[in-house]
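Subject: Structure for you to look at, with notes

Dear colleague,

I am passing on the structure we talked about, together with my reading of it. Please have it open while you go through the notes below.

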Amino acid sequence: MSETILYDEIVDALAPWIHKVKAGQRLRIIDLEGNQAVDFLIYSALDDAERYSAQDTIAAQGNLFLREGALLLSNEGNPMMRIIATSVAYHDTIGGACSCESNTLRYGHHTKSQHSCVDNFLTVNATAGRGKRDMVSNINFFMNVPVEADGTLGIVDGISAAGLTVDLEALMDVDVVVSNCPQINNPCNGFNPTPIRMVITQNV
Ligand SMILES: [Zn+2]
């Protein structure tokens, strides 16, 4: 059995990305320069009313963080993708996507014109006929959101580094939607958004 590369592209800093990944295919995301949050949504290619569910995923694994072996479940409880390997210790399930609204609330009115992950998600989801009602809580690969003993969330310095990776295997045919996070007001991208690389492979 050999691995065939079906797709290998760089996603520019700040940019969105959308691509189909068929059951059995693998997606590798490479954090090229380190500490770049990759906001990530999954929709079933067959019926996009079925999509990634943070709640189902967290409840089933009994843990807030995504590590090697994590099953990413849909709102119907079906496994959509599995994290088959990762060179970063864990990934975030609860930090959500940055938006104009959250930026201006947290960081001030001067951030109103800044690009955000919600802008990216809406733009690229529109190409697949999806709108605001299709936005759900996303995964943040390479983002560090620790939970303190009292339940407080932090968005703190990342634990990723240049060249680190996460490898996912699709367990159904899926539409993967990504925002290469443009946030510059907190440390989730080291205050410097950078490109990522996406590689889709298949064993033949
Ligand atoms: Zn963002």
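What follows goes from the whole chain to single residues.

Please bear in mind throughout that this is a predicted model.

The overall fold

The protein chain contains three helices and 10 strands, and, read from the N terminus, these elements follow one another as β-β-β-β-α-β-β-α-α-β-β-β-β. The radius of gyration is 16 Å, close to the 17 Å that the globule rule gives for 204 residues, so the chain is as compact as a globular protein of that length. Along the principal axes, its C-alpha atoms fill a box of roughly 50 × 35 × 30 Å.

Of the 204 residues in the chain, 47% are buried, and the exposed surface comes to about 9200 Å², with carbon and sulfur atoms supplying 51% of that area. If one takes the contacts between residues at least 6 apart in sequence, 77% of them join residues at least 24 apart. As for charge, the chain carries 13 positive and 24 negative charges, and the mean positions of these two sets are 4 Å apart.

Asn140 and its surroundings

Is Asn140, which belongs to strand β7 (residues 139-141), buried or exposed? Its relative accessible area is 0%, and because buried means under 20%, Asn140 counts as buried. Leaving out neighbours within four places in sequence, Asn140 is in contact with Val38, Asp39, His91, Asp92, Gly95 and Gly96. With Val38 the separation along the sequence is 102 residues, whereas the C-alpha atoms of Asn140 and Val38 are 5.4 Å apart in space. There is also a polar contact of 3.1 Å between the side chains of Asn140 and Asn138.

Two residues with a positive phi

Most residues other than glycine have a negative phi, and with that in mind I noted two residues for you to inspect. Phe142, which is not a glycine, has a positive phi of about 65°; this residue sits in the loop between β7 and β8 and is buried, with a relative accessible area of 1%. Leu14, also not a glycine, has a positive phi of about 80°; it is located in the loop between β1 (3-11) and β2 (16-21) and, at 38% relative accessibility, is partly exposed.

Phe142 appears again in the surroundings of Leu164, a residue of strand β8 (residues 164-170). Not counting residues up to four places away in sequence, Leu164 touches Ile29, Ile30, Asp31, Ser87, Val88, Phe142 and Ile159. Leu164 and Asp175, by contrast, are 11 residues apart in sequence but 23 Å apart in space, taken from C-alpha to C-alpha.

Three further loop residues

Ser99 lies in the loop that runs between β6 (79-86) and α2 (100-107), and with a relative accessibility of 11% this serine counts as buried. A polar atom of the Ser99 side chain lies 3.0 Å from the backbone nitrogen of Ser102. When residues up to four places away in sequence are set aside, Ser99 touches Ser116 and Val118.

Thr194 is part of the loop between β9 (174-180) and β10 (196-203), and it too is classed as buried, at 4% relative accessibility. Apart from neighbours within four places in sequence, Thr194 is in contact with Ala13, Glu33, Gly34, Gln36 and Asn180.

Asp47, finally, is placed in the loop between β4 (38-44) and α1 (54-61), where it is partly exposed, with a relative accessible area of 43%. Asp47 and Val174 are 127 residues apart along the chain, and their C-alpha atoms are separated by 9.4 Å.

For a first look, I would suggest Asn140 and its contacts, which include Val38 and His91, and after that Phe142 with its positive phi.

With best wishes

Key: Residues numbered from 1 in each chain as written. Predicted model: local features only at pLDDT ≥ 70, side-chain atom pairs only at ≥ 80, totals over all residues. Heavy atoms only, no water. Buried < 20%, exposed > 50% of the residue type's maximum accessible area, 1.4 Å probe, protein only. Contact = heavy atoms within 4.5 Å. Polar contact = N/O pair within 3.5 Å; in protein donor to acceptor, adjacent residues only side chain to side chain. Helix = DSSP H or I, 4+ residues; strand = E, 2+ residues; numbered from the N terminus. Rg over C-alpha atoms; globule rule 2.2 N^0.38 Å. Areas by Shrake-Rupley, 256 points an atom, 1.4 Å probe, with all protein chains shown as cover. Lys, Arg positive; Asp, Glu negative; His and termini not counted. Charge placed at Lys NZ, Arg CZ, Asp CG, Glu CD.
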